[in-house]
Every structure is written in C-alpha cells, then in structure tokens.
Amino acid sequence: MDIRVLRYFLAVAREESISRAADVLHITQPTLSRQMMLLEDELGAQLFNRTNKITLTEAGVHLKLRAMEIDSLMDMLERDFSARSDVMGQLSIGSGIYSASNEVFSSLQDFSRQFPKVTYEIHTATADKLKEMLDKGLLDFAIMMEPIDVSRYEYFRLRTKDKWGLLLSAGHPLAGKESISVQDLNGTELLVTGRKAIFNEISSLLGEQARMNIRGYVNLMDNALPLVENSDWGCLTIDGAASYLNSERVVFRPLVPEITSNTVLAWRKYGMSFGVASAFLAYIKQAKLRQE
C-alpha cells in the first residue's frame, strides 16, 4: 500500500468530496476516483458511502484512524532524516499536569535558541494514553508519574516531586486549614485518581487510619473541577495539577504527613540515534533535570 494513496484517502475523508480533495491535491478528479477504487479493491472493502456528500463506511473510519497514525509516523520519519545534518523538524512531548513537567517545558526556550528550526507538538493526556502514543511512535518523549511500567523504555526521574493534597472549593470548611490530615480526609466526600496503581500506593502510605468516602474517580483535573467548585467534595490530587487553577474559586491544601510522587521522562529504547529527539535528549541530560 502506497503512503501517497493513503494521503489521498485522508484528503477525501477530510473534504468529504472527490472534487474538492482533487483540487487540494492538485490532481484530476478521475485520477483520484480511480485511486480510491483501486484502494478499495486492494483492501477488499467499501470505504465510502457515495451519495451527495461522501461519508466513510465503518471500514473507512477504521482505515482513517490507522492512516492518520501512519501519516504521522511518516512525517516524523521524514523529519528525522532531514534533520541529520541540520537539527530541524518537530519534537513531540506528552505529559500529564505535573510540577515536574515544568522543568522539561521551561527548558524548551533555551533549546529553541540553540536549534531555532525546531517546532513543538505538546500533548496533554493520561499516562495510559501517553504510553500508547509512545509505543506507536507518535511521541518522542512522555512525562509520566510513577508507579508505572517503564520496562519497555529508557527513562530518568525528574528532580521535582509532586506533593499530594486536597483540592477544595474556596468556601469548603477545610479551605481555611493550612494542611489536611487523615482525619480530615475521612470526613470528606472524595474524588480520587483513576490510576489504581497510584491510588493503591497513596492509600498504603496514608495507612490503616484512612477510611475514605470515595464518590468517584477522575483521570484529568479538568473533569473534576466543576464537581469540586460546586459541592463539598474534595479531590485527592497533586499540587502540579492544581497549580494552574483559579485560586479565588478553588484551593489546594497539602497532606500531613507529606506524601510525594516521582515523575519520569521516558522514551522508547530504540530509535534515538539521530534527529531532533536525539538532540533534545542530549540537551536534557546536560540540563541536570534528573534525580542524581
């Protein structure tokens, strides 16, 4: 299967029209129509519902998702090889919202001064999604909170640790406290992280006294914010995830005794011999962001 034909297919799917896609691709409409029919013959599946507006069949939707991944990988491959003599292209980094992420992202400005032809693609997602993208080659690097299985990756731990605490509405009865005890947690309806490995570790560190009243599970803070702002629920989370929120509406109060989590910068074990990602890895190692 030719990558050129897959890109033709993506153009038709995007434009929902053979004629408009042909104009975008600067080829004739009969040529594009013939290429799409040959692609359907090759795959043995109908990809389009051909009515007044072209839509995708179930097979077409599946191909679109896979073709987008392949197209992205091809773009990255082309950028890597074009960057061998002169560092240029796009660097893709994924992260949750952590305090430690600031170390990496704040270094991009200095890296950009050294390599002004580099552009950046930043993804915010859950650790599971970031691992999936890293495995597929859609990310160069992922910033993820431990505990996490990094057996398939190279990685190092970042210096900054994230502190755990309670995110509360500004009017919550506990908002006036400087810190949150286990007893405070037990008296509050809670939202907690949906990552079981992390929650189990935090529960273990809190000890047997922790008998939390859990009302729900969240993966990103954006999902929990409306519930926290408009109720007496609290969200057990890290300070990094709360740092960008409006302090007049919600407050973050750390746990006592203090509980912290490490964050890692991870990349795939193979494929870092050259290109933009290799240059950034060399730079980041020299920046002394890792835990010694």
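Which helices do the buried residues of H2 pack against? Keep that in mind as you look through these close-up views of a predicted model.

**View 1. Helix H2 and its helix neighbours.** Helix H2 covers residues 18-25, and its buried residues are Ile 18, Ala 21 and Ala 22. Looking down the axis of H2, you would find these buried residues within an arc of 105°, so they line one face of the helix. Here is a handy idea for reading such a view: an α-helix has 3.6 residues a turn, so residues three or four places apart point the same way. Now for the opening question: the buried residues of H2 pack against helix H1 (3-15) and helix H3 (29-43). Just after H2 comes His 26, with a positive phi near 60°.

**View 2. Helix H9 and its two sides.** Try the same kind of reading on helix H9, residues 196-206, where Ile 198, Phe 199, Ile 202 and Leu 206 are buried. Around the axis they cover an arc of only 95°, which puts them on the same side of H9. What does the face turned away from the buried side of H9 carry? There you will find the exposed residues Lys 196 and Ser 204. Following H9 is Gly 207, whose phi is positive, near 90°.

**View 3. The largest pocket and its lining.** This pocket has a volume of about 370 Å³. Its lining is made up of 23 residues, and the closest to the pocket centre are Tyr 98, Thr 193, Val 218, Asn 219 and Leu 220. Which elements each supply at least two residues of this lining? They are helix H7 (127-135), strand E8 (189-193) and strand E10 (234-238). Strand E10 gives the most, with four residues. Sorted by kind, the lining residues of the largest pocket are 15 nonpolar, six polar and two charged.

**View 4. Asp 140 in its loop.** Look for Asp 140 in the loop between H7 and strand E5 (141-145). Is Asp 140 buried or exposed? Its relative accessible area is 11%, and buried means under 20%, so Asp 140 counts as buried. What does the side chain of Asp 140 reach? Its partner is the backbone nitrogen of Ser 92, at 2.8 Å.

Methods:
Residues are numbered from 1 along each chain as its sequence is written. This is a predicted model: local features need pLDDT of at least 70, side-chain atom pairs count only at pLDDT 80 or more; totals for chains, interfaces and linings use all residues. Side-chain values use heavy atoms; hydrogens and water are left out. Buried means under 20% relative accessible area, exposed over 50%, partly exposed in between (1.4 Å probe, protein chains only). The arc is that of the directions from the helix axis to the C-beta atoms. Contact means heavy atoms within 4.5 Å. On a 1 Å grid over the protein atoms alone, a cavity is a set of points where a 1.4 Å probe fits but cannot get out, and a pocket is an open set with protein on both sides within 12 Å along at least five of seven lines; lining residues have an atom within 4 Å of a point. Grid points are joined across faces, edges and corners, and a volume is the space filled by probe spheres set on the points. Ala, Val, Leu, Ile, Met, Phe, Trp, Tyr, Cys and Pro count as nonpolar, Asp, Glu, Lys and Arg as charged, and the others, Gly among them, as polar. A polar contact is a pair of N or O atoms within 3.5 Å; within protein, one must be able to donate a hydrogen and the other to accept it, and residues adjacent in sequence count only if both atoms are side-chain atoms.
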